[in-house]
Amino acid sequence: MTPPDAVAIEPLVPDRATAVGPSRPRPPARGPLATSRKYYKIFRVSLVERMTYRGDFLLGTLLRFLPMVTTILLWRAVYIGSGSTDLAGFRYREMVAYLLLTHISRMFSSMPNLASGIARDIREGTLKRYLIQPIDMIGYLLSYRVAHKAAYIATSIIPYGLLFFACRSFFDGLPGPATLAAYAASLVLSFLVGFFFEASVGMVGFWFLEVTSLLYIVMTLNYFISGQMLPLDLLPTPWSGLLKALPFQYLAYFPAVVFLGKVRGTDLVHGLLGALFWAVFFLLLARGLYRVGLRRYSAYGG
Amino acid sequence: MAMIEAEGLTKTYHVFQKKEGLLGALRGLYRREFKEIKAVDHVSFSIDAGEMVAFLGPNGAGKTTTLKMLSGLIYPTAGSARVLGFTPWRRDDAFRRRFALVMGQKNQLWWDLPAADSFQLHREIYSLPAADFQKTLDELTELLGVERLTRQAVRELSLGERMKMELIAALLHNPRLLLLDEPTIGLDVVAQVAIQKCLRDYHARRGVTMLLTSHYMRDVEALCSRVLVITQGKLVYDGPLSGIVERFGQSKVIRLEFAEGQVPDDLGRFGEVVRRNGPSADLKVGRARVAEALGAILDRHAVADVVVQDPPLEQMIARVFEEGRASHDAA
């Protein structure tokens, strides 16, 4: 079979050549035959492009879970080695379920290119359009991100569904409706905390032209302190308490333990309120930094 | 009614002076030296509703900085401005709904999407009623002759077509003031003329106030009856385009064609010979001495044809720029 991109590139080139330049006369590609051929080409290109993206997406999702196989084996070895069936309240099956669930959390809370995009807008001056048009930058970025996430989540339902179906033996079925509702709320809050946190990081671009290294540090640290690597309960006492007081647990750890039914009653309410607090905190921080930064930008740059 | 009123607008930038080489860079880590640059220096002018005004000046003269202050992107260091009755850098939504800024070097449209999608986004941003939006859009695409291109990805359009799309996007909300920064930069002559025509037609139809900066004298000649000349941050001329000729064009060019078949050798006596080609020659003569020189030449030689011209506007503008620089250096 021909690789999809080889097919995609070919019809694109002549199309573009005829489209460029008002001075160049269009070739007389008229008549029903030419028109239908053109639309067939467009149809084929769009279809192949869609398929290429789908393929890439499916493959990407599967590859992201490939390390999970090693992780599952590693944790099995840990549980066998420790000789106990329970580590910090997590049984072996729960541990694997937890790690799978953090992927769902990150589907909501990760914000690829948000901070770096803001910093780039500041550096390259594309920030202007938010200043000239009657539009609020953070509001615009938020709605853009919601749309982006909705499309992403809608397209991931199939691969994720398959994966969770394959891994169903690690779960004790679906939790009750109350827990599910709390889980949904925790995911929405993880999105908001993630969004406003990264937006705040991006605003640093008003003071430093380059934020790549800062972002790298934040992302690396985040992997550990948000609980993506292991449940925060596994850490020794001062550390687990400290990390649970930080906002990052809401990006991965918290929704996962809500789903597993490890947080209940008042703890659950406190947790959700905590997430809400941090979402509002970073919202205000991002707004404040934007305001101060804009004043600086307007005074020095532009 | 005054659309724009600028009073003593001044913008000073602090520019970090970087020393050469590694040692200089290291020194810069703990001690930074700044240089003050006055990008705009006490500029005052007033523009009435419906006027079409050109902002002329060499690179770095302060044109764009002034436009940025008038559109509210940056604060002035000193001075004040009222644009459409608002202080621009307060960025009131009411103000932002009434003006548009088009920068020839920056595009606002989504690169990978058809312009139509960007237009829809603009409709949302400015919350325009669907019927009004469609009416304006149809009118603009017809005016610019791009009805068939709005569904094509922007990156596939030519530079001229892209600029037209940018203009449409900027005009969708019917701004009362249009600020244009180098709208024809990088365009070929055909596209330049097309953009000029669009702006002129749009101005005639809507009576919108326009302030544009440009390097191309053709843009200015085609569009604006009034020019502001700025060099070294200072406003050195404000008046009609023809006034520049009177004020700065101190000489005229006499184009002569001699019946004798060759240019006489003594032509240099009457003025500066700037061109010599077979039987014809260009003679540069001070404005006041044109009649006298012409009389003398006609007395002595058989002249087949004669034309008296002003030197090209570009040259005069260049003179204005140079004078501005010289007086600045002397100060």
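# Pairing, packing and contacts in a two-chain model

Trainee: Let's start with a strand pair in chain B. Which residue of β12(B) is the bridge partner of V273(B)?

Mentor: Keep in mind that this is a predicted model. Five bridges join β11(B) to β12(B), residues 280-286, and these two strands run antiparallel. Within β12(B), V273(B) has as its bridge partner L283(B).

Trainee: And which residue of β12(B) is the bridge partner of E272(B)?

Mentor: We stay with the antiparallel pair β11(B) and β12(B). E272(B) finds its bridge partner in β12(B) too, and that residue is K284(B).

Trainee: What about the turn of this hairpin: which residue there has a positive phi?

Mentor: A good place to look! β11(B) and β12(B) form a hairpin with two residues between them. In that turn, a positive phi of about 60 degrees belongs to G278(B).

Trainee: How many bridges pair β10(B) with β12(B)?

Mentor: Take one of the bridges as a landmark: K252(B) is partnered in β12(B) by V285(B). The two strands pair in the antiparallel sense, and the number of bridges is seven.

Trainee: Now the whole sheet, please. Which are its edge strands?

Mentor: The open sheet has four strands in the order β11-β12-β10-β13 of chain B, with antiparallel pairing. An edge strand pairs on one side only, and in chain B that describes β11 (272-277) and β13 (303-309).

Trainee: By how many degrees are neighbouring strands of the sheet turned against each other on average? And which helix packs on the sheet?

Mentor: With direction ignored, the average turn between neighbouring strands of this sheet is 20 degrees. The packing helix touches β10 (251-258), β12 and β13 of chain B, and its direction makes about 15 degrees with that of β10(B). It spans residues 290-300 of chain B and is named α10.

Trainee: Let's step back. How far apart do the C-alpha centres of the two domains of chain B lie?

Mentor: Chain B is divided into domain 1, covering 2-246, and domain 2, covering 250-309. As for confidence, chain B has a mean pLDDT of 85, and 93% of its residues reach 70 or more. The C-alpha centres of domain 1 and domain 2 of chain B are separated by 44 Å.

Trainee: Is L149(B) buried or exposed?

Mentor: L149(B) sits in the loop between α5 (130-144) and α6 (159-171) of chain B. Leaving aside neighbours within four places in sequence, L149(B) is in contact with L157(B) and E161(B). A residue counts as buried when 20 or more other C-beta atoms lie within 10 Å of its own. L149(B) has 22 of them within that distance, so it is buried.

Trainee: Over to chain A: how many helices does it have?

Mentor: From the N terminus on, its elements run α-α-β-β-α-α-α-α-α-α-α-α-α. Besides two strands, the number of helices in chain A is 11.

Trainee: Finally, which element of chain A gives the most to the side that touches chain B?

Mentor: 16 residues of chain A are in contact with 22 residues of chain B. On the side of chain A that touches chain B, at least two residues each come from α1 (4-19), α5 (128-132) and α11 (265-300) of chain A. With four residues, the element that gives the most is α5(A).

Trainee: By class, how many residues on that side of chain A are nonpolar?

Mentor: Set the others apart, namely five polar and three charged residues. The number of nonpolar residues on the side of chain A that touches chain B is eight.

Terms used:
Residues are numbered from 1 along each chain as its sequence is written. Chains are lettered from A and ligands numbered from 1 in the order in which they are written. This is a predicted model: local features need pLDDT of at least 70, side-chain atom pairs count only at pLDDT 80 or more; totals for chains, interfaces and linings use all residues. Two strands pair if DSSP finds at least two bridges between them. Axes are lines fitted to C-alpha atoms, for helices over the stretch in contact, and angles run from 0 to 180 degrees between N-to-C directions. Two residues are in contact if their C-beta atoms, placed from the backbone, lie within 7 Å. pLDDT is the predictor's confidence in each residue, from 0 to 100. Ala, Val, Leu, Ile, Met, Phe, Trp, Tyr, Cys and Pro count as nonpolar, Asp, Glu, Lys and Arg as charged, and the others, Gly among them, as polar. Domain bounds come from an automatic or database domain assignment. A residue is buried if 20 or more other C-beta atoms lie within 10 Å of its own, exposed if 12 or fewer, and partly exposed in between; C-beta atoms are placed from the backbone.
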